[in-house]
Amino acid sequence: VMKEHEQNMLLFREHKHAIQDAKHRSRMLSELRQRCNHAPGCTENAMNCFARLLEVEQAQVALTRSLADELLLVRLGLLQLRPKNAIYLFRAAEQSEIVGSLAFAAENEVHSQADGSASIGTQLLLQAASYFELALRSDAEILVLDELARYKAWELLIVIHRTLGKDTLAQLWFSRAQLSGYSWQNPLQLPYSRMYHMHFVT
């Protein structure tokens, strides 16, 4: 047990340094890719460090689909370890929404394709909505999400359904949000889909 604790503390110190130092982060990401993507895989703590470093990378460099996809796979891997964990559900929902919005925007630019690839964005956005709902339900039992996370989950549940043209579901979640204490008066108060991305939708 002591050896495992020491290994975890060493990993934490390296991870903390890598967050601040780009060269160290690049080296650590390379090591974690090797460890986590090959048998026997890596520990839950290592996967969390991997996800955090990818998250920092995603925030500091130009957002790319490959980087977003990689972080989503790590988030889903953590969720497999703890399927009812509210935080893991929320993080998987966040990343599914990011990747889904990137795909959805690209699909809209090229219009619908005959091979069905235009549905990928929609599927990921629906996955995000499902995970946000599960995160809120899990949080209702154990109260681990902070207020910002709860706000974002409620907000994106409505925005995602509006983006997909599911107005009835959007209105249902909007009504639930009001009953849960949010003072929104109209769904149009909420940001439009992916207002934080380079693809703007009006």
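Which hand does the link of Cys36 and Cys42 have, right or left? With 110° about the S-S bond, this link is right-handed, and I would like to begin there before moving on to the aromatic rings and the cores. What we have in front of us is a predicted model, in which local features need pLDDT of at least 70 and side-chain atom pairs count only at pLDDT 80 or more, while totals for chains, interfaces and linings use all residues. Residues are numbered from 1 along each chain as its sequence is written, and side-chain values use heavy atoms, with hydrogens and water left out.

A disulfide is a covalent bond between the sulfur atoms of two cysteines, and here the term is applied to a pair of cysteine sulfur atoms within 2.5 Å. A search of the whole structure finds one, and in it the sulfur atoms of Cys36 and Cys42 are 2.0 Å apart. Cys36 and Cys42 are both buried, where buried means under 20% relative accessible area, exposed means over 50%, and partly exposed is in between, for a 1.4 Å probe and protein chains only. Cys49, by contrast, is in no disulfide, and the nearest cysteine sulfur, that of Cys36, is 9.4 Å away. Cys49 is also buried, at a relative accessible area of 9%.

Let me turn to the aromatic rings. Rings of Phe, Tyr and Trp (its six-membered ring) pair if their centres lie within 6.5 Å, and planes under 30 degrees apart count as stacked, over 60 as edge-to-face and the rest as tilted. The structure holds seven such pairs. In one of them, the rings of Trp154 and Tyr182 have centres 6.3 Å apart and planes at 55°, so this pair is tilted. It links distant parts of the chain, since Trp154 is in helix 7 (residues 147-163) and Tyr182 is in the segment after helix 8 (167-179), 28 residues apart; helices here are DSSP runs (H or I, at least four residues), as strands are (E, at least two), numbered from the N terminus. Trp154 is buried at 13%, and Tyr182 is buried at 15%.

The rings of Phe174 and Trp184 have their centres 6.5 Å apart and their planes at 20°, so that pair is stacked. Phe174 and Trp184 are both buried. Tyr151, Trp154, Trp173, Phe174, Tyr182 and Trp184 form one aromatic cluster.

Trp184 also leads us to the cores, a nonpolar core being a set of buried Ala, Val, Leu, Ile, Met, Phe, Trp, Tyr and Cys residues joined through side-chain atoms within 4.5 Å. The largest has 52 residues, and those with the most contacts inside it are Phe132, Ile158, Ile160 and Trp184. Apart from it lies another core, of six residues, among them Ala68, Leu72, Ile98 and Leu124.

Several of those names return around Val99, which lies in helix 5 (residues 86-110) and is buried, with 1% relative accessibility. Leaving out residues up to four places away in sequence, Val99 touches Arg65, Ala68, Asp69, Leu72 and Leu124, a contact being heavy atoms within 4.5 Å.

Finally, where does Leu143 lie? Its place is in the loop between helix 6 (120-142) and helix 7, and Leu143 counts as exposed, at 61% relative accessibility. Phi of Leu143 is near 55°, a positive value in a residue other than glycine.
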